[in-house]
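Please load the model in your viewer and set the display to cartoon, with side chains available on request. The tour proceeds by selection, one stop at a time.

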Amino acid sequence: MIWHAAWLLDQGEAARDESSMAKVFVAETVNRVVDRAVQTCGALGISEDTQLSTFFREARPFRIYDGPSEVHRGAIARRALRKRAQP
């Protein structure tokens, strides 16, 4: 997804949908993976003794950079509906 969006941008094309979808997918996936890792490690997952605690602290803001995932989802849906409505 990231490579495709980057390729479109390199070609000088608009890639609003693709970049929004890649942002949401990656941000949500990173958050899910880090959360599962913390769950697996238990208390050690949030202790300062592991790098996992750093990942855990950084995963949440990653979902907000360049706009919250919910805003991107809404924008993707609006653009998809607009495209669908065009004759």
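The stops below follow the helices and their contacts in a predicted model.

**Stop 1: the pair α1 and α2**

Begin by selecting helix α1, residues 2-10, together with helix α2, residues 16-41. The axes of α1 and α2 approach to within 9 Å and cross at roughly 155°. An angle over 145 degrees counts as roughly antiparallel, and α1 and α2 are therefore roughly antiparallel to each other. The crossing of these two helices, α1 and α2, is left-handed. To display the contact itself, show I2, H4, A5 and L8 on the α1 side, and E18, S19, A22 and V26 on the α2 side. By class, the residues in this contact of α1 with α2 are five nonpolar, two polar and one charged.

**Stop 2: L8 in α1**

Now centre the view on L8, a residue of helix α1. Is L8 buried or exposed? The relative accessibility of L8 is 7%, so it counts as buried; the cut-off for buried is under 20%. Leaving aside residues up to four places away in sequence, L8 touches E13, A15 and E18. For a distance check, select the C-alpha atoms of L8 and D66: they lie 19 Å apart in space, with their positions 58 residues apart in sequence.

**Stop 3: the pair α2 and α4**

Keep α2 on display and add helix α4, residues 69-85. The two helices, α2 and α4, pack at an angle of about 145°, and their axes are 9 Å apart. In passing α4, helix α2 makes a left-handed crossing. Which residues should be selected to see where α2 and α4 meet? On α2 they are R16, D17, S20, M21, K23, V24, A27 and E28, and on α4 they are S69, H72, R73, I76, R79 and K83. Coloured by class, the residues of the contact of α2 with α4 comprise four nonpolar, three polar and seven charged.

**Stop 4: S20 in α2**

Within that contact, zoom in on S20, which belongs to helix α2. With a relative accessibility of 7%, S20 counts as buried. Residues up to four places away in sequence excluded, the contacts of S20 are H72, I76 and R79. These three residues, H72, I76 and R79, are among those of α4 that meet α2.

**Stop 5: the pair α2 and α3**

Hide α4 and bring in helix α3, residues 52-62. The axes of α2 and α3 come within 9 Å of each other, and the crossing angle is roughly 150°. Helices α2 and α3 are therefore roughly antiparallel to each other. Helix α2 passes α3 in a left-handed crossing. For the contact, select K23, V26, A27, V30, N31, V34, D35, A37, V38 and C41 in α2, then L52, F55, F56, A59, R60 and F62 in α3. The contact of α2 with α3 has 12 nonpolar, one polar and three charged residues.

**Stop 6: the buried face of α3**

Retain α3 alone for a moment and highlight L52, S53 and A59, which are buried. Turn the view to look down the helix axis: the buried residues of α3 fall within an arc of 115°, so they line one face of the helix. Restore α2 to the display, since what covers the buried residues of α3 includes α2.

**Stop 7: F62 in α3**

Next, select F62, also in helix α3. The relative accessible area of F62 is 32%, so this residue is partly exposed. Which residues does F62 touch, not counting residues up to four places away in sequence? They are K23, V26, A27 and V30, and K23, V26, A27 and V30 are included in the α2 side of the contact with α3. A C-alpha to C-alpha distance from F62 to Q51 gives 16 Å, for residues 11 apart along the chain.

**Stop 8: D35 in α2**

Finish at D35, which is placed in helix α2. With a relative accessible area of 35%, D35 is partly exposed. Draw a line between the C-alpha atoms of D35 and F56: the separation is 7.0 Å, for residues 21 apart along the chain. Both D35 and F56 take part in the contact of α2 with α3.

Note on methods. Residues are numbered from 1 along each chain as its sequence is written. This is a predicted model: local features need pLDDT of at least 70, side-chain atom pairs count only at pLDDT 80 or more; totals for chains, interfaces and linings use all residues. Side-chain values use heavy atoms; hydrogens and water are left out. Axes are lines fitted to C-alpha atoms, for helices over the stretch in contact, and angles run from 0 to 180 degrees between N-to-C directions. Helices (H or I, at least four residues) and strands (E, at least two) are DSSP runs, numbered from the N terminus. A crossing is left-handed if the near helix is turned anticlockwise from the far one by less than a right angle, and right-handed if clockwise. Contact means heavy atoms within 4.5 Å. Ala, Val, Leu, Ile, Met, Phe, Trp, Tyr, Cys and Pro count as nonpolar, Asp, Glu, Lys and Arg as charged, and the others, Gly among them, as polar. Buried means under 20% relative accessible area, exposed over 50%, partly exposed in between (1.4 Å probe, protein chains only). Angles under 35 degrees count as roughly parallel, over 145 as roughly antiparallel, 65 to 115 as roughly perpendicular and the rest as oblique. The arc is that of the directions from the helix axis to the C-beta atoms.
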